[in-house]
Amino acid sequence: MATPASTAASNAPHPMPPPTADLATTWTFLEEGVDHIMTKLQTGVSYSKYMSLYTVAYNYCTSSRMHSTPESTVVGAGGRAGANLMGSDLYNNLIRYFVTHLKGLKEQSDTLQDEALLRYYAGEWDRYTTGANYINRLFTYLNRHWVKRERDEGRKGVYPVYTLALVQWKSNFFLHVQSKHGKLAGAILRLIERQRNGEAIDQGLVKKVVDSFVSLGLDEADTNKASLDVYKEHLEMPFLEATEKYYQQESEAFLAESSVSDYLKKAEERLREEEDRVDRYLNAETRKQLVSKCEHVLIRQHSELMWESFQSLLDFDKDEDLQRMYALLSRISEGLEPLRKKFEEHVKKAGLTAVSKLVGEGAEGADGLDPKAYVDALLEVHRKNSETVTRSFRGEAGFVASLDKACREFVNRNAATGTSTTKSPELLAKHADMLLRKNNKMAEEEDLEGALNRVMVLFKYIEDKDVFQTFYTTKLSKRLIHGVSASDESEASMISKLKEACGFEYTNKLQRMFTDMSLSKDLTDQFKERMQQNHDDMDINFSIMVLGTNFWPLNAPNNDFIVPPEILPTYDRFSKYYQTKHSGRKLTWLWNYSKNELRTNYLNQKYILMTSSYQMAVLLQYNNHDTLSLEELITATAISKDILVQVLSLLVKAKILINEETDQYDLNPNFKSKKIRVNLNQPIKAEVKAESSEVLKTVDEDRKYVIQATIVRIMKARKTMKNQPLIQEVILQISQRFAPKIPDIKKAIDTLLEKEYIERVDGTRDTFAYVA
């Protein structure tokens, strides 16, 4: 381009110096290029210009000739000269350029505040770092050789050109702006506060400035590694302090005029916002400290208030608020324990109240309590609070434990149980019995399996599981004997549930009872077949149950019984048949459990009377008499007087017999009934009462043997053991079945000492040894 020479001298770019040019000439050419890149990059740089700059920098660094400039006369440590010194000349000139360049930025920034300052800073930072990147590449040779060697020799104050640019920015511009009361960080914090107050801010601008804080961190040992020192010192620390102060003021002011429920929403929202803030424009390293600081101010400092209001949230079933409170307090280590304790008390109180209400409503109090109503009341408390644990406390193990502990308490000790530990297992077993009977509506209409599962929910909390087991066994025996089980499938399902909960040993007897029933059916069939083969035509229908003494909780009658002549032939035949089949086995006839059907022939209408064996024995006497006295009936049947009186009163009540004179009983010739089949076989009160006391007696006996067997098992394994650890170990092993009392364990130890299963170790009072 032809221009007058005079103007060319002042405006035209300097020509490219030769490879042998001195420092002044070389730097004049380079400085002009560097300045263009740093200040006017947007106007572009031609490829040829860029390559010229690169070549000049390269030529100067590789020139081995010494230049006669003041800088070049300095000889480095160890007499370094030549190319090494050339690098140092260029490096120092670059520093001088950066310092001058940044001085102008400093002056302009002094008048700016807040967002204007941030915009200026971010714009200059963009321009500066982009330019520094290009310049870094121009001086690649300098970086690779001179800078590398300087750093290898331990001069850590020498940096690659890009890093040098950042170091200069930090010391000559960044620290200058920051030194004025943290002006730069302060501007960021004020913007963040505006955003917290609900204003929209330029988040991109904040992110750009924050990123510069991170970039200015320098790892002295390795310049390629980022360091967060500058970010942490100049921004993170003041940011965390400002956050704490802001939320302290806000939370206190908010709580002064709002409810705890509203505060829970606010705190949840604020925590979400702060985590979001880290993702949007802060460094990820800040997250942990920021969240911790917010949790301290928003949750820990107000935790007392939350704990206090927890009860009312429970009382009014405020699910959403409970969920929030749980989510917030679970963030601090000590947050949940007070809630767990309060929840445990709440559940316990709810359980006790439900039972007290039930006992209060019943006319007969605790004694006449309906097992179904009792079980339903306990289950309802468990269901409701179990749902709260799942929904509001996310099924957290600590709350599950609190629920279990409270349920264990109110299931075993409440207004219905009083001081008795056996009442709950008894009522639960009776409820299970009702469920598994034929006449139970649930067996027909509803989900029986679900009802049995609910029984198992309470069973888990029963402490005296052996009491339940004994009552359950007694009830099951009655269901099987009288053929009133809802279904074999349901019975098997319940036994399998109990087996899963307590092991094989717990249900062994129950399973054997079913085996006996099956064998008895086969035995009856075989007996009938034999009778037909022998032409012994039995004029009565007969079926038998032969039940193993060890497995069935049945007691033989403690009075004599004269077998009526009408059934005597069948009785004799079966006894002989059984002895030939199983010689050596003794049959004990349980007349108190047997049942019969009698057909009436003395009335116009024929009825079938369903009776107990005792009722049958009484009624058959009237085949030969119209009236009989109490004494005559005792003589004819050998039934004890107290039982016989109750048997007769049932027959009088049913109007089969008439009792107009004291102890005189007449057959009623005018008996009428709407039903053809008349069930007279009702349980007598003496039997019902005896059942409960009998069961508890059995339980006590069984416990003695269980404790003794456990002690022997432990001693056999340990050989010797002190008294106290032995008692503790026995409690530990048995507590799954029942809660053993220490005096009972001591008695068992004394019994085993007498029986010589164990002995005292010589010279000690409280150490025992196993006797092999």
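A residue counts as buried when its relative accessible area is under 20%. By that cut-off, helix H25 is mostly covered in this predicted model. The helix spans residues 613–620, and eight of its eight residues are buried. They are Ser613, Tyr614, Gln615, Met616, Ala617, Val618, Leu619 and Leu620. Several elements cover them. Among the covering strands are E1 (595–599), E2 (608–612) and E4. Helices H26 (630–637) and H27 (641–653) also contribute to the cover.

The chain as a whole comes next. The protein chain holds 30 helices and nine strands. Its radius of gyration is 49 Å, well over the 28 Å that the globule rule gives for 772 residues, so the chain is more spread out than a compact globule. Along the principal axes, the C-alpha atoms fill a box of roughly 160 × 65 × 60 Å. Of the 772 residues, 45% count as buried. The chain exposes about 40,800 Å². Carbon and sulfur atoms supply 50% of that area.

Contacts and charges were also examined across the chain. Among contacts with a separation of 6 or more, 70% join residues 24 or more positions apart. The chain carries 104 positive and 109 negative charges. The mean positions of the two sets are 2 Å apart.

Strand E4, one of the elements that cover H25, also takes part in a hairpin with E5. Strand E4 covers residues 657–661, and strand E5 covers residues 664–667. The two pair in the antiparallel sense over three bridges. Glu661 stands opposite Gln664 in E5. Ile658 has Asp666 of E5 as its bridge partner. Two residues lie between the strands of this hairpin.

Strand E5 also pairs with E3 (residues 627–629). This pairing is antiparallel too, and three bridges join the strands. Here the bridge partner of Thr627 is again Asp666 in E5. Asp666 is thus a bridge partner of both Thr627 and Ile658.

The side chains of E5 alternate. Tyr665 and Leu667 point to one face and are buried. Gln664 and Asp666 point to the other face and are not buried.

Tyr665, in strand E5, was examined further. Its relative accessibility is 6%, so Tyr665 counts as buried, the limit being under 20%. Leaving aside residues up to four places away in sequence, Tyr665 touches residues that include Leu657, Ile658 and Asn659. Other contacts of Tyr665 include Tyr622, Asp626, Thr627 and Leu628. Leu630, Leu633, Leu648 and Val652 are also touched by Tyr665. A pair of residues that includes Tyr665 gives a sense of scale. Tyr665 and His176 are 489 residues apart in sequence. In space, their C-alpha atoms are 122 Å apart.

Two further buried residues lie in helices. Ser520 belongs to helix H23 (residues 504–533). With 3% relative accessibility, Ser520 counts as buried. Beyond residues up to four places away in sequence, Ser520 touches Ile544, Met545, Val546 and Leu547. Val291 belongs to helix H12 (residues 286–299). The relative accessible area of Val291 is 15%, and this residue is buried because the cut-off is under 20%. With residues up to four places away again left out, Val291 touches Glu275 and Arg331. Val291 and Asn668 are 377 residues apart along the chain. Their C-alpha atoms are separated by 91 Å.

Two loop residues have a positive phi. Asp663 lies in the loop between E4 and E5. Its phi is near 55°, a positive value in a residue other than glycine. At 38% relative accessibility, Asp663 counts as partly exposed, because partly exposed residues fall between the buried limit of 20% and the exposed limit of 50%. Glu756 lies in the loop between helix H30 (742–754) and strand E8 (758–760). Phi of Glu756 is near 65°, also a positive value in a residue other than glycine. The relative accessible area of Glu756 is 58%, so this residue is exposed, the limit being over 50%.

Key:
Residues are numbered from 1 along each chain as its sequence is written. This is a predicted model: local features need pLDDT of at least 70, side-chain atom pairs count only at pLDDT 80 or more; totals for chains, interfaces and linings use all residues. Side-chain values use heavy atoms; hydrogens and water are left out. Two strands pair if DSSP finds at least two bridges between them. Helices (H or I, at least four residues) and strands (E, at least two) are DSSP runs, numbered from the N terminus. Buried means under 20% relative accessible area, exposed over 50%, partly exposed in between (1.4 Å probe, protein chains only). Contact means heavy atoms within 4.5 Å. The radius of gyration is taken over C-alpha atoms; the globule rule is 2.2 Å times the number of residues to the power 0.38. Accessible areas come from the Shrake-Rupley method with a 1.4 Å probe; for residues, only the protein chains shown count as cover. Lys and Arg count as positive and Asp and Glu as negative; His and the chain ends are not counted. The place of a charge is taken as NZ of Lys, CZ of Arg, CG of Asp or CD of Glu.
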